[in-house]
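Here's a walk through a two-chain model, going from the overall build down to single residues. Have the viewer open as you read.

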Amino acid sequence: MIKYIFNRLIGLVPLLLGITIITFAVIHLAPGKPTDMETQFNPKVSMEARERIAHLYGLDKPLHVQYADWLKRFLRFDFGVSFVDSRPVIQKIGERIPITLGINLASIILILLIGVPIGVSSAVKEGGFYDRFMTVFVFVGFAIPTFWLSLILMDLVGVRWGLLPISGIKSLEFERFGLFEKVIDVARHLILPVAVSAFGGLAGISRYMRSNMVHVLKQDYIRTARAKGLKEKAVIYKHALRNALLPVVTILGLSVPGLIGGSVIFESIFSIPGMGRLFYESVMARDYPVIMGVLVIGAMLTLLGNLLADVSYAAVDPRIKL
Amino acid sequence: MLLEIRDLKVGYKVDGMLTEVVRGVDLEIRKGECVGLVGESGCGKTTVGLAITRLIPERKGKIISGRVLLEGRDLFGLDDEALRAVRGKRISYVFQEPFSSLNPVFTIYEQIKESLPEKKATDRAISEILKAVGLDEIAGRKKVYPHELSGGMQQRVMIAMAIASRPELLVLDEPTTALDVTVQKQILDLIMELKNKMDLSILFISHDLNMIFRAADRINVMYAGRIAEQGPKKDMVSKPLHPYTRGLIESIPCIGHRKKAFDAIEGRTPLFSDLPEGCKFHPRCRFRVEACMKEEPGLEQVSSGHTARCIRAKELLLNGAGKGR
């Protein structure tokens, strides 16, 4: 097991290197320069000044030299400083990750808590009214555009009924609150975003769970369990569910990159200062160090997520040995 | 009489329509007896076995009518709770595919434990059951999963689960079909040994007439959802009454028996959705006459305890027709 993980980690190194090369090249090939914001829109800036700024950022060097510089710093886990506000990239990302991660984690837990039971109970009553109703329900959630639902809910819950705050993650008076009030305040801000994103994601897990469960319930060992005289509850929630849950472990491992990636649309609607918006803003400003930082950290987490999926699958399925 | 099946009719749902696949089966199992149920694939024999404790999944099929009496008590009249007290406790099953019949994510230990009543499910009891089915090497080991065992050992585990709570009736549904020939014999020997030791009654379902001849005291031959012939083993071997039984016996290949080709029954089993008029076997029968195509004959007693569903049974027996061997 340890040896397997070690070997896999070694194998990730060249993969990650390849990813950084391609990402670096693509970003620099894209039209526009980081200096555009400061120079293009200002007719007074001379040619000389432009070159000076480019030199300051190291943008006048050949691309491979720039990459080598970036890589040297990356090996020390230094992602450089932002072109926009000169703050360290790692710090900018560090501020945003907990917010996005927190929201997405809450949403995925909610999805599991609701989606798994929906899937299981639909499968048990396959083809019945409940099953068909739930199918429609989760697909409505899947089909409704996030931004539309968000706006409707913000209008109803936030504006008309005045029950919940509609934007940001903190109230203006946040700093004056005690610890308990702070927690409540953040939680109140997160209810709408988490609910909306969970509703949209329900279809995936519940349908997946349903099809796993339908498949498992047709297996011979379910007949064996019934033939033993076990209670129907034990047949379904012990013998069937354990088998049907196995593939969900993989799904969870694979959802790791989504957890930190965030969503531009979503975070913009609710004014959440998360990773999605950071990435969008830095792309718009051609803030190369931040873009590279976000993408590379995302890539690393994706690769680790895959590894985690494989390892945890082996942990829950006795047939798989690493 | 331990178990009586009376006029059992079972249908499967195909495209929303209920197609009858067990079309009125009567079968009896006495205490300590091994009764064979033999027939080609798709004749309904597995369905009969499952129907005894209503194990046919609701979405797939339905018991249309009939009664199953366990020592006189109708199992179809029981509620789910009472039926569960019969399943696995008084009537146990061993299925065809041991690998897929064992839950892959639970240990052998856990799966046998489930078959025992909670109070009796001690480590020692489980070890003893494993030893009883010849699995001494994994007795006392708790972390053994089904995939770590060979097919023969898996089937021994299935048998261990079936006998764990000392049932009266064991329903064996093709217990040896998925196994190697050498392993088949070991499993059959084990079953016979346990039968004698534990005074078990057995319903032995198989398409393999050789197996049935070795194991059973009485044999039921099933064709197209009905019993075609029923009788004691020695009568069935020496003087089969139904042309179908005869065909089955003649199609057993024999080593050392020099024949160009062994006789197979011509044609194939009819579809339940498209059964022929009259005797369901007549399109494949060498001895058919005009009358066979008109009406399906009933089960007629030909000699004591030996019945057949064929209008020419007596006549053919007297002529000794078709005994080509």
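Let's start with one residue and its surroundings. Setting aside neighbours within four places in sequence, B:Thr47 touches B:Val10, B:Val21, B:Val22 and B:Ile56. Keep in mind that this is a predicted model. B:Thr47 sits in helix α1 of chain B, which runs over residues 45-51. Is B:Thr47 buried or exposed? There are 24 other C-beta atoms within 10 Å of B:Thr47, and 20 or more is what it takes, so B:Thr47 is buried. For a long-range reference point, take B:Thr269: it is 222 residues away from B:Thr47 along the chain, and the two C-alpha atoms are separated by 16 Å.

**Chain B and its two domains**

Chain B splits into domain 1, covering 3-216, and domain 2, covering 240-319. Their C-alpha centres are 29 Å apart. Where the two domains of chain B meet, domain 1 puts in nine residues and domain 2 puts in six. On the domain 1 side of that contact, β2 (17-29) and α8 (209-215) of chain B each bring at least two residues. The biggest giver on this side is β2(B), with three residues. By class, the domain 1 side that touches domain 2 in chain B comes out as four nonpolar, three polar and two charged residues.

**Where the chains touch**

Moving on to the contact between the chains, 19 residues of chain A meet 21 residues of chain B. On the chain A side, α9 (220-227) and α10 (232-254) each contribute at least two residues. The top contributor there is α9(A), which gives seven residues. If you sort the chain A side by class, you get five nonpolar, five polar and nine charged residues.

**Chain A overall**

What does chain A look like in terms of helices and strands? Chain A has 14 helices and zero strands, so to speak of its pattern along the sequence is just to repeat α from start to end. The C-alpha trace of chain A spans about 85 × 55 × 40 Å along its principal axes. Of its 322 residues, 29% count as buried. Take the contacts in chain A between residues at least 6 apart in sequence: 71% of these join residues at least 24 apart.

One helix pair in chain A is worth a stop. Two packed helices are described by the angle between their axes and the distance between the axes. Helix α5 (residues 89-124) and helix α14 (residues 288-316) of chain A pack at about 55 degrees, with the axes 9 Å apart. That angle makes α5(A) and α14(A) oblique to each other, and their crossing is right-handed. Which residues make the contact? From α5(A) come A:Val89, A:Ile90, A:Lys92 and A:Ile93, and they meet A:Pro289, A:Val290, A:Gly293, A:Val294 and A:Ile297 of α14(A). Sorted by class, the residues of this contact of α5(A) with α14(A) are seven nonpolar, one polar and one charged.

**Loop residues to look at**

Most residues other than glycine have a negative phi. Two residues in this model go the other way. A:Phe77 has a positive phi, near 60 degrees, and is not a glycine. B:Glu174, also not a glycine, has a positive phi of about 50 degrees. Here are the two of them with their places and C-beta neighbours:

| Residue | Phi | Loop | Other C-beta atoms within 10 Å |
|---|---|---|---|
| A:Phe77 | near 60 degrees | between α4 (63-75) and α5 of chain A | 7, exposed |
| B:Glu174 | about 50 degrees | between β7 (169-173) and α7 (181-198) of chain B | 21, buried |

With 7 other C-beta atoms within 10 Å, A:Phe77 is exposed, whereas B:Glu174 is buried with 21.

A further loop residue is A:Leu163, located between α7 (146-160) and α8 (179-217) of chain A. Is A:Leu163 buried or exposed? A:Leu163 has 12 C-beta neighbours inside 10 Å and therefore counts as exposed. Measuring C-alpha to C-alpha in the model, A:Leu163 and A:Pro117 are 29 Å apart in space, while in sequence they are 46 residues apart.

Key: Residues are numbered from 1 along each chain as its sequence is written. Chains are lettered from A and ligands numbered from 1 in the order in which they are written. This is a predicted model: local features need pLDDT of at least 70, side-chain atom pairs count only at pLDDT 80 or more; totals for chains, interfaces and linings use all residues. Axes are lines fitted to C-alpha atoms, for helices over the stretch in contact, and angles run from 0 to 180 degrees between N-to-C directions. Helices (H or I, at least four residues) and strands (E, at least two) are DSSP runs, numbered from the N terminus. Angles under 35 degrees count as roughly parallel, over 145 as roughly antiparallel, 65 to 115 as roughly perpendicular and the rest as oblique. A crossing is left-handed if the near helix is turned anticlockwise from the far one by less than a right angle, and right-handed if clockwise. Two residues are in contact if their C-beta atoms, placed from the backbone, lie within 7 Å. Ala, Val, Leu, Ile, Met, Phe, Trp, Tyr, Cys and Pro count as nonpolar, Asp, Glu, Lys and Arg as charged, and the others, Gly among them, as polar. Domain bounds come from an automatic or database domain assignment.
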